[in-house]
Every structure is written in structure tokens, then in C-alpha cells.
Amino acid sequence: MSEIVTGFVIGLSIAAPVGPIGVLCIRRTLHDGRLSGIVSGMGAATADACYGLISA
């Protein structure tokens with residue numbers, strides 16, 4: 001069971017690197033609340049999707 005948990009934690013840490021946008025979302029979540037953090041994350045995801053569409 002501990003191998004599964006260890007694998008999950010390692011996979012999550014690799015899949016979710018904390019860059020400047022991640023830090024912004026975390027800061028807004030801690031300072032302004034959960035809804036603000038979710039909206040910030042959705043905005044960042046929308047911008048990334050737009051950049052992906054333009055490059056495709």
C-alpha cells in the first residue's frame with residue numbers, strides 16, 4: 001500500500017510543477033479564498049489553451 005501512496009505523491013509532484021502562475025494561484029487562494037484561487041487557475045488554463053490553439 002505504501003508503494004501506491006509513494007507513487008501517487010511522486011507522480012503528482014512531477015505533474016504539477018509550481019511556477020509563477022501556480023504561486024499566484026496559491027497566493028490568491030490563501031489570501032482571498034478558494035473561489036478566487038479557482039478563478040485564477042481557470043484563467044491561467046484558458047490562456048494556456050489559447051496559446052496552444054494559436055500554435056497549432
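In what order do the elements of the protein run from the N terminus on? I began with this question, keeping in mind that the model is predicted, and I read the order as α-α-α. I then noted the radius of gyration, which at 15 Å is well over the 10 Å that the globule rule gives for 56 residues, so the protein is more spread out than a compact globule. My count of the secondary structure came to 3 helices and 0 strands.

**Overall dimensions and surface**

I looked up the extent of the C-alpha trace next, and along its principal axes the trace spans about 40 × 35 × 15 Å. For the accessible surface I noted a total of about 4700 Å², with 73% of that area belonging to carbon and sulfur atoms. When I asked how much of the chain is covered, I found that 7% of the 56 residues count as buried.

**Helix α1 and its nonpolar patch**

Which residues form a nonpolar patch on the surface? I found Val5, Phe8, Val9 and Leu12 there, and I recorded about 400 Å² of accessible area for the four together. I followed up one of them, valine 9, and placed it in helix α1, which covers residues 2-15. Its relative accessibility is 49%, and because exposed means over 50%, valine 9 counts as partly exposed.

**The cysteines**

I searched the whole structure for disulfides and found 0. Cysteine 25 is in no disulfide, and the nearest cysteine sulfur, which belongs to cysteine 50, is 16 Å away. Why does cysteine 50 make no bond with cysteine 25? I noted that a disulfide needs the two sulfur atoms within 2.5 Å, so the 16 Å between the sulfur of cysteine 50 and that of cysteine 25 is too far for a bond. I also compared their surroundings: cysteine 25 counts as buried at 14% relative accessibility, whereas cysteine 50 is partly exposed, with a relative accessible area of 39%.

**Serine 40 and alanine 44 in helix α3**

Is serine 40 buried or exposed? I found a relative accessible area of 13%, which is under the 20% limit, so serine 40 is buried. I placed this serine in helix α3, residues 34-55, and, leaving aside its neighbours within four places in sequence, I found serine 40 in contact with Cys25 and Arg28.

Cysteine 25 came up again when I turned to alanine 44, which lies in helix α3. The C-alpha atoms of alanine 44 and cysteine 25 are separated by 8.8 Å, although the two residues are 19 apart along the chain. I recorded alanine 44 as buried, because its relative accessibility is 19%.

**Isoleucine 38 and leucine 53 in helix α3**

I looked up two further residues of this helix, beginning with isoleucine 38, which lies in helix α3. At 47% relative accessibility I had to enter isoleucine 38 as partly exposed. How far apart are the C-alpha atoms of isoleucine 38 and isoleucine 26? I read a separation of 9.5 Å for this pair, whose members are 12 residues apart along the chain.

Leucine 53 also lies in helix α3, and with a relative accessibility of 67% I recorded leucine 53 as exposed. I then took its distance to arginine 28, a residue already noted as a contact of serine 40, and found leucine 53 and arginine 28 to be 27 Å apart in space, C-alpha to C-alpha, and 25 residues apart in sequence.

Definitions and conventions:
Residues are numbered from 1 along each chain as its sequence is written. This is a predicted model: local features need pLDDT of at least 70, side-chain atom pairs count only at pLDDT 80 or more; totals for chains, interfaces and linings use all residues. Side-chain values use heavy atoms; hydrogens and water are left out. Patches are made of residues with over 30% relative accessible area and no salt bridge: like charges are joined within 9 Å, nonpolar side chains (Val, Leu, Ile, Met, Phe, Trp, Tyr) within 5 Å. Accessible areas come from the Shrake-Rupley method with a 1.4 Å probe; for residues, only the protein chains shown count as cover. A salt bridge is a side-chain nitrogen of Lys or Arg within 4 Å of a carboxyl oxygen of Asp or Glu. Helices (H or I, at least four residues) and strands (E, at least two) are DSSP runs, numbered from the N terminus. Buried means under 20% relative accessible area, exposed over 50%, partly exposed in between (1.4 Å probe, protein chains only). Contact means heavy atoms within 4.5 Å. The radius of gyration is taken over C-alpha atoms; the globule rule is 2.2 Å times the number of residues to the power 0.38.
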